[in-house]
Amino acid sequence: MALLIGFSGQGSQYPEMFEKLKNHHEGRQWLQEASDILHLNLLDQHIIEQNLFDTIYAQIFIVLHSVGVFRLIEKKISDVYLCGYSLGEVSAFCASAELSISELITMVKERAFFMQEASEKTGLGGLVALKGHITQDILKKLIQQFQCYLAIYNAEDHFIVVGLK
C-alpha cells in the first residue's frame with residue numbers, strides 16, 4: 001500500500017511547532033544545524049514566537065518543520081508520495097530531492113524574499129483567509145467594502161483575499 005503525505009502552506013506555523021522535533025535526537029540535531037545556519041536558536045520557543053509572522057522566517061520555519069518531521073518518519077515507511085499546497089509544494093520538493101538544510105534554507109529564503117519584494121513593489125500583499133459560513137454573496141460584499149481582491153478560491157466557504165498593505 002502506498003502512502004500520500006501532504007505538506008501544508010504558509011499560515012500553519014505556531015509557537016510550539018518544533019516541540020516534536022526537539023523530543024527526538026535526530027530532530028534536535030536537525031534544528032541545531034538549522035539554528036547554526038540561520039544564527040537563530042530554533043530550540044528557544046521565545047525566539048520562534050518573535051519571528052513567527054515575519055514572511056521570510058515563517059516560510060523557513062514551516063519548511064524546516066515539515067521536512068524535519070518527514071526525515072524522522074521516512075525510514076519507517078516505503079512507497080511514499082509527497083505533495084503540497086503553495087509553500088507545501090516547496091516542502092514536498094525539499095523532502096523528495098533530499099536537499100541539505102543549507103540548500104533548503106537558501107531556497108526558501110530566496111522564495112520568501114522575492115514574494116516580499118513583489119508585495120512591496122505592488123503595494124499588494126496583505127493576505128487574509130476567510131473560512132466558515134462565508135457565502136459568495138458575503139465575500140462579494142466584503143471585497144467591495146474593503147477594496148480587496150479574491151486571490152484563492154479553496155472551497156465553497158474558504159477564500160484567500162489580498163488587499164493593500
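**Helix packing around helix 4**

Hi everyone. Let's start with helix 4 and helix 6, the latter covering residues 101–122: they pack at an angle of about 145°, and their axes lie 9 Å apart. Please keep in mind that this is a predicted model. As helix 4 passes helix 6, the crossing is right-handed.

Who takes part in that contact? From helix 4 we have Thr-55, Ile-56, Gln-59, Ile-60, Val-63, Leu-64 and Val-67. Helix 6 brings, among others, Ile-101, Leu-104, Ile-105, Val-108, Lys-109, Arg-111 and Phe-113. Sorted by character, the residues of this contact come out as twelve nonpolar, three polar and two charged.

Now for another partner of helix 4. Helix 2, residues 25–38, packs with helix 4, residues 55–73, at an angle of about 150°, and here the axes are 10 Å apart. Because of that angle, helix 2 counts as roughly antiparallel to helix 4. Helix 2 also passes helix 4 in a right-handed crossing.

On the helix 2 side, you'll find Glu-26, Gly-27, Trp-30, Ala-34 and Leu-38. They meet Tyr-57, Ile-60, Leu-64, Val-67, Gly-68, Arg-71 and Leu-72 in helix 4. This contact divides into eight nonpolar residues, two polar and two charged. If you have the model open, look at Ile-60, Leu-64 and Val-67: these helix 4 residues are in the contact with helix 2 and also in the contact with helix 6.

Last stop, helix 7, at residues 136–146. How many of its eleven residues are buried? Just one, so to speak of helix 7 as hardly covered is fair. Right after helix 7 comes Gln-147, with a positive phi of about 50°. Thanks, everybody!

Conventions
Residues are numbered from 1 along each chain as its sequence is written. This is a predicted model: local features need pLDDT of at least 70, side-chain atom pairs count only at pLDDT 80 or more; totals for chains, interfaces and linings use all residues. Side-chain values use heavy atoms; hydrogens and water are left out. Axes are lines fitted to C-alpha atoms, for helices over the stretch in contact, and angles run from 0 to 180 degrees between N-to-C directions. Helices (H or I, at least four residues) and strands (E, at least two) are DSSP runs, numbered from the N terminus. Angles under 35 degrees count as roughly parallel, over 145 as roughly antiparallel, 65 to 115 as roughly perpendicular and the rest as oblique. A crossing is left-handed if the near helix is turned anticlockwise from the far one by less than a right angle, and right-handed if clockwise. Contact means heavy atoms within 4.5 Å. Ala, Val, Leu, Ile, Met, Phe, Trp, Tyr, Cys and Pro count as nonpolar, Asp, Glu, Lys and Arg as charged, and the others, Gly among them, as polar. Buried means under 20% relative accessible area, exposed over 50%, partly exposed in between (1.4 Å probe, protein chains only).
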